[in-house]
Amino acid sequence: MKRAILTILIMLLISPSVCAKDNTAQMIYADAYGHLIKNNLFESKRLYEKGIKIYPNSSFLYAGLGDVYLKEKKYDKALEYYTQAQRKSPANPNYKISFYNVMAEKINAKIQSSVELFFAASKNATDNAVIAKNIMAVNNEDYTALRFITDFYQDFNDKDLQEGNQERFNGKYDKAVKAYQNTLLKAPDNYKALNNIALLYMDKKDFKTALVYLKKSEENNKNSSYIYNNLAVCSFYLNNYNEMNSYFDKALKSYKDYSSVYNNRAAAEIYIALNSFNNQNIAALAGIAKSHPDNIFAKRTLASLYNLKGDYSNAAAVINTANNAYNFNLFYLKALYNFKNKDYLTANADIDKAISLYSSNPDFFILKARILSATGDLSGAAEYFEKSISKRPSNNTIYYYYAQSLAKIGRFKEAGMMMSKYLEMNNIKISSDVFLK
């Protein structure tokens, strides 16, 4: 599936190599990250800065400092450090993805602020000139929200276009096409109607036909970042990655503050990176792991690829041959893949080792709890779920697994509360009972 947010990239690609001399840098990173998730930003920043002075070539320390600035919503500083991380490790796509995601968050924050000011200033305004004047006045002549708003008003003035948009939203594609065609009868070169017909075909996964309409739309508007973004998305689904990048570049050249471009580009980069690993590197990595048995990164990456393919037996077999007595992430991965392979005894020993090396990571506690739950030690599992919640209460997956564990021992009221919490955090409007039967 091409649409995926795969946080496994963080574990998979955090460092281009894992060797003995990196252990201290990794420990500094872990300590700083522990403070970050507890929201102790001052101490986290201090540790990352200290680590960078000692290990100026450790890309993941720069990325960690970028994470701190992102949490502080200091987007320019976050971008600066993600850029430095990318320069230190250009083969690591995760830093490029982080850069795109921060750009999107920065722009969305600006749009939200601008739109709020816009509606406050333009409460009783109906004339576009007044609207433009108001938004420029309240936002220091920043055109971000103006571009966002004026598109809406242009659509509002075309009743057929509005009707088509509404029918598309309702899933009534035939009626939507008819409404857009009515617009084209009045104005055959209407780029918005052409673009919106293309969106209908994109909804139906007919990207070839969508591309035809988008190119017609582009012919009538060479400066629409929205059209270029859609062209890039179509090109992605048609596996034309060079064209995709070209269209993304054109979209940003037309409008550098278009957050969807950064979001879509990040998602595309994730897929392309993982697809590249799957298609090109399994055999190569297996050869490296065999000829260089001390190359932990090759083994870790190969095991991750087997995991993505659902081949947990091979994932566990490969990761179990990787050895580093001080690498807590390695023991976590060993525990995870052995757990997925249902080797709970080995998984439990591995997660205990990870926790002994780094006792502040809530993800370690979640996995420990899941292992105990799978072996029937449900009271022990509850203890570790509670530890994980105390470390990171915002992690919604804790509540899902905890609910399942509580239901197994008949604590249905508490299980319902946990599942309700999970559903609320994910904005899912359904009874928790459905998940607990």
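A residue is called buried when its relative accessible area is under 20%, exposed when that area is over 50%, and partly exposed in between, as computed with a 1.4 Å probe on protein chains only. The model is predicted, so that local features need pLDDT of at least 70 and side-chain atom pairs count only at pLDDT 80 or more, while totals for chains, interfaces and linings use all residues. Residues are numbered from 1 along each chain as its sequence is written, and side-chain values use heavy atoms, with hydrogens and water left out.

The largest nonpolar core (buried Ala, Val, Leu, Ile, Met, Phe, Trp, Tyr and Cys residues joined through side-chain atoms within 4.5 Å) has 51 residues, of which Tyr48, Leu61, Met202, Leu231 and Cys234 touch the most other members. Apart from this core lies another, of 47 residues, including Ala30, Ile351, Tyr384 and Ala403.

Aromatic rings offer a second view of the structure, which holds 18 aromatic pairs; rings of Phe, Tyr and Trp (its six-membered ring) pair if their centres lie within 6.5 Å, and planes under 30 degrees apart count as stacked, over 60 as edge-to-face and the rest as tilted. The rings of Phe339 and Tyr344 are tilted because their planes meet at 50°, with the centres 5.8 Å apart; Phe339 is buried at 12% relative accessibility, whereas Tyr344, at 25%, is partly exposed. Tyr358 and Phe364 form an edge-to-face pair, with 6.2 Å between centres and 90° between planes, and here Tyr358 is buried at 9% and Phe364 is buried at 2%. One aromatic cluster is formed by Tyr29, Tyr33, Tyr48 and Phe60.
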